Amino acid sequence: MAEFSATDCAHMAHALHLAERGVYTAHPNPMVGCVLVRDGDVVGEGWHKLAGAAHAEINALNAAGDKASGATVYVTLEPCSHHGKTPPCVDALLKAGVAEVVVGLEDPNPKVNGRGLELLAGAGIQTRVGLMRSDVEKLLRGFVSRVTRNQPFVRLKMASSLDGCIAMSTGESQWITGAQARSDVQRLRARSGAIMTGIGTVLADDPSLTVRDSSLDTAGKQPMRVVLDKDLRMPLSAEMLALPGKTIVYCSDDKNQAALVDVGAEVVRVDSDNGMVDAKAVLGDLGDRKVNDVLVEAGPTLAGSLIADELVDELVIYQSPHIMGSETIGMFRTPCWTELADRRALDITDVRRVGTDTRITARLEG
């Protein structure tokens with residue numbers, strides 16, 4: 001097992017911070033940061049901003065120039081060894097004459113998957129792997145999910161009162177949480193490749209499902225909008241259909257798709273499951289489309305179904321400090337769970353205040 005010093009950790013932490021700068025723009029590519037160090041000094045650094053643009057290693061090498069020769073490279077993800085939209089980073093590192101490459105995580109992409117490290121080692125360059133691995137895995141969990149499971153990382157966002165209600169009995173729900181929580185949701189949207197909802201939410205709220213916070217550097221990108229609509233009830237007047245970007249409507253009966261296609265939607269037919277669109281099939285299709293992260297903003301039916309089917313990787317619940325009462329709508333509509341053993345256990349990974357609200361982040365245990 002490779003050994004790492006406190007200095008190694010500091011440089012990799014720097015590379016991780018650089019990688020995070022691509023959180024809103026790098027997808028579907030992974031966020032990657034790179035730092036070049038020679039004689040104890042940082043001589044070059046870079047990060048990957050856009051798919052098709054230069055990778056982090058190339059940006060760092062360009063910044064270092066001749067000082068790259070003999071340098072140690074700290075890079076969060078294994079350098080690529082294949083031709084994609086850009087040439088292999090391994091070739092550039094070899095040409096620059098770097099002395100050592102320290103990697104946080106092997107690239108799980110089958111096109112790489114250790115080959116980059118093998119080529120570097122075969123050329124006589126020292127390699128060490130696994131520095132701050134868990135931090136890199138957390139940063140890249142959407143990318144890792146897609147290339148290893150062929151489905152995106154699914155983040156389910158809900159906003160509720162303290163007593164777990166998301167709407168009054170009339171359906172009124174705007175706004176349960178405060179402005180700062182809603183601004184925080186904009187950041188969740190911006191980091192996602194797609195935002196998913198159900199037809200019930202579309203009919204009730206006519207959401208746009210867009211990133212509207214102009215302070216976020218998204219490079220003009222908007223998440224794909226995804227609607228699960230078994231019987232194709234999507235209104236032609238839906239706001240999202242008039243907005244820039246892509247809207248996909250997944251249904252189980254596409255006989256009436258022509259009108260939706262005419263107004264710019266893509267209609268995709270998948271099988272139904274328990275009277276609903278098969279969400280697992282939808283996630284598989286989104287994986288094929290290179291979507292790394294899906295943010296679900298839905299009502300209790302779709303949210304409960306995803307929880308029951310164990311398709312949610314992370315829950316983000318914004319809880320507002322008020323009580324809405326008993327004659328209201330709860331967060332999740334699930335099958336009839338009659339025993340305590342039927343409960344879905346959660347591992348709470350983070351709790352923090354966002355304005356006057358509390359944001360709870362959790363994952364389903366198991």
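Here are some notes on this predicted model, set out as numbered points.

1. Let's start with the nonpolar cores. The largest one has 36 residues, and Leu 36, Val 73 and Val 101 have the most contacts inside it. Helix H2 (residues 56-64) gives this core its largest share, four residues. Another core lies apart from it, with 33 residues that include Leu 156, Val 282, Leu 283 and Ala 298.

2. Val 73 is a good residue to click on. Setting aside neighbours within four places in sequence, its contacts are Cys 34, Val 35, Leu 36, Leu 93, Val 98, Glu 100, Val 101 and Val 102. One of these, Val 101 in S4, also stands opposite Val 73.

3. Now the strand S3 (residues 72-77). Six of its six residues are buried, so S3 is largely enclosed by the rest of the structure. Strand S1 (residues 33-38) runs antiparallel to S3 and is joined to it by four bridges; here Val 37 has Thr 72 as its bridge partner in S3. With strand S4 (residues 100-105), S3 runs parallel, and five bridges join the two.

4. Next, an open sheet. Nine strands form it with mixed pairing, in the order S11-S10-S9-S8-S14-S6-S15-S18-S17. At the edges are strand S11 (266-269) and strand S17 (346-354), each pairing on one side only. From one strand to the next, the twist averages 25 degrees.

5. For a closer look at one pairing within that order, try strand S9 (residues 224-228) and strand S10 (residues 247-251). They pair in the parallel sense over four bridges, and Leu 228 stands opposite Tyr 250 in S10.

6. Which strands does helix H7 (residues 179-190) lie across? They are strand S6 (153-161), strand S8 (194-198), strand S14 (293-297), strand S15 (314-320), S17 and strand S18 (357-364). Relative to S15, H7 runs at about 165 degrees.

7. H7 also matters for the next topic, the largest pocket, because H7 gives the most to its lining, with six residues. The volume of this pocket is about 1,200 Å³. Its lining has 46 residues, and those nearest the centre are Thr 201, Asp 205, Glu 297, Ala 298 and Gly 299. Ala 298 is also among the residues of the 33-residue core.

8. What else lines the largest pocket, with at least two residues each? Besides H7, the elements are S6, strand S7 (165-168), helix H8 (199-205), strand S13 (276-277) and helix H11 (300-308).

How values were computed: Residues are numbered from 1 along each chain as its sequence is written. This is a predicted model: local features need pLDDT of at least 70, side-chain atom pairs count only at pLDDT 80 or more; totals for chains, interfaces and linings use all residues. Side-chain values use heavy atoms; hydrogens and water are left out. A nonpolar core is a set of buried Ala, Val, Leu, Ile, Met, Phe, Trp, Tyr and Cys residues joined through side-chain atoms within 4.5 Å. Buried means under 20% relative accessible area, exposed over 50%, partly exposed in between (1.4 Å probe, protein chains only). Contact means heavy atoms within 4.5 Å. Two strands pair if DSSP finds at least two bridges between them. Axes are lines fitted to C-alpha atoms, for helices over the stretch in contact, and angles run from 0 to 180 degrees between N-to-C directions. On a 1 Å grid over the protein atoms alone, a cavity is a set of points where a 1.4 Å probe fits but cannot get out, and a pocket is an open set with protein on both sides within 12 Å along at least five of seven lines; lining residues have an atom within 4 Å of a point. Grid points are joined across faces, edges and corners, and a volume is the space filled by probe spheres set on the points.
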